[in-house]
Amino acid sequence: MRVIVCKDYNQMSEEAAKIISSQIILKPNSVLGLATGTTPIGTYKRLIEMNKSGYLDFSKVKSFNLDEYYPIKPDNVQSYRYFMNENLFNHVNIDINNTRVPNGMAPDPVKEGADYDAQIEAAGGIDLQLLGIGRNGHIAFNEPDEALISGTHATSLTEDTIEANSRLFNSIDEVPTKALTMGMGSILKSKMIVLLANGKNKHNAFKKLLDEEITTSNPSTFLKVHPNVVLICDEECYNG
């Protein structure tokens, strides 16, 4: 794994945007794996700027998001589909029909997971997967457990993750307790992985990713088996 330590959040976002833009320039029909949360917002803002300046063209890009709350309607302001539209898709020249987010209203979550993985495979697989990391080491919504599910699946969220996500809701009681998420197996099939982490509150998770052996009690450690992972963090995250 390559580690890039940046001065601050803005520089971290810039470095990530450079890598993603290079991927799109080298392969205009790239398949991107995208993440939600506060961490990648700066990266998305920089990509929007690149697109509006004419430097970057999203017209042939396809995307698959890591996860979605379940159940939740796509037009709900707390849904990840809404988040992606507001923070990236509505501001670049991507074909919205080429963007995929797990269906938070799928009547059969098991079928939705299998179909989602099949769609990724049919698209040729993910060229570059953008990730964040949870305070407990979760990747997407793959929470620490005795065993991990490989493919896209429905899962229950831990109290720690619900608490962390409650900052985006009016109250913790409004936070969904379930989600649809790519499994670690789906994520590790990506050709390249870029993980972002910033702030002191992610220091322990980031350090454990670097130092711990591979274990299901820390899903992030599974990234160690991938041959092409770039970890980008700011100094606060790296130094604690």
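Me: Let's start with R46 in this predicted model: is R46 buried, partly exposed or exposed?
Reply: Happy to start there. R46 has a relative accessible area of 25%. Buried would need under 20% and exposed over 50%, so R46 counts as partly exposed.

Me: Which residue forms a salt bridge with R46, the closest N and O atoms being 2.8 Å apart?
Reply: R46 sits in helix 2 (residues 41-52), and its partner is in helix 1 (residues 9-26), 32 residues apart from it. The partner is partly exposed too, with a relative accessible area of 23%. Salt bridges that share partners also bring E49 into one network with this pair. The residue that meets R46 at 2.8 Å is E14.

Me: Nice. How far apart, N to O, are the side chains of K111 and D115 in their salt bridge?
Reply: Both residues lie in helix 4 (residues 109-122), 4 residues apart, about one turn of the helix. K111 is partly exposed at 48% relative accessibility, and D115 is partly exposed at 29%. A salt bridge needs the nitrogen within 4 Å of the carboxyl oxygen, and here the N to O value is 2.7 Å.

Me: Which residue forms a salt bridge with D211?
Reply: The partner shares helix 7 with D211, 4 residues apart, about one turn of the helix. The closest N and O atoms of the pair are 3.0 Å apart. At 44% relative accessibility the partner counts as partly exposed, and its name is K207.

Me: Now the cysteines: how many disulfides does the count come to?
Reply: A good pair to check is C233 and C237, whose sulfurs are 4.8 Å apart. A disulfide needs two sulfur atoms within 2.5 Å, so this pair is too far apart for a bond. Both are buried, C233 with a relative accessible area of 0% and C237 at 0% as well. The disulfide count is 0.

Me: Which side chain joins that of S220 in a polar contact of 2.7 Å?
Reply: S220 lies in the loop between helix 7 (203-211) and strand 10 (229-234), and is buried at 0% relative accessibility. Beyond four places in sequence, S220 is in contact with I133, G137, I139 and L209. The polar contact of 2.7 Å, though, is with the side chain of N218.

Me: Last one: what is the approximate area of the nonpolar surface patch made by V3, V5 and Y238?
Reply: Y238 belongs to helix 8 (residues 235-239). At 39% relative accessibility Y238 is partly exposed, and patch residues need over 30%. With V3 and V5, Y238 makes a nonpolar patch of about 230 Å².

Note on methods: Residues are numbered from 1 along each chain as its sequence is written. This is a predicted model: local features need pLDDT of at least 70, side-chain atom pairs count only at pLDDT 80 or more; totals for chains, interfaces and linings use all residues. Side-chain values use heavy atoms; hydrogens and water are left out. Helices (H or I, at least four residues) and strands (E, at least two) are DSSP runs, numbered from the N terminus. Buried means under 20% relative accessible area, exposed over 50%, partly exposed in between (1.4 Å probe, protein chains only). A polar contact is a pair of N or O atoms within 3.5 Å; within protein, one must be able to donate a hydrogen and the other to accept it, and residues adjacent in sequence count only if both atoms are side-chain atoms. Contact means heavy atoms within 4.5 Å. Patches are made of residues with over 30% relative accessible area and no salt bridge: like charges are joined within 9 Å, nonpolar side chains (Val, Leu, Ile, Met, Phe, Trp, Tyr) within 5 Å. Accessible areas come from the Shrake-Rupley method with a 1.4 Å probe; for residues, only the protein chains shown count as cover.
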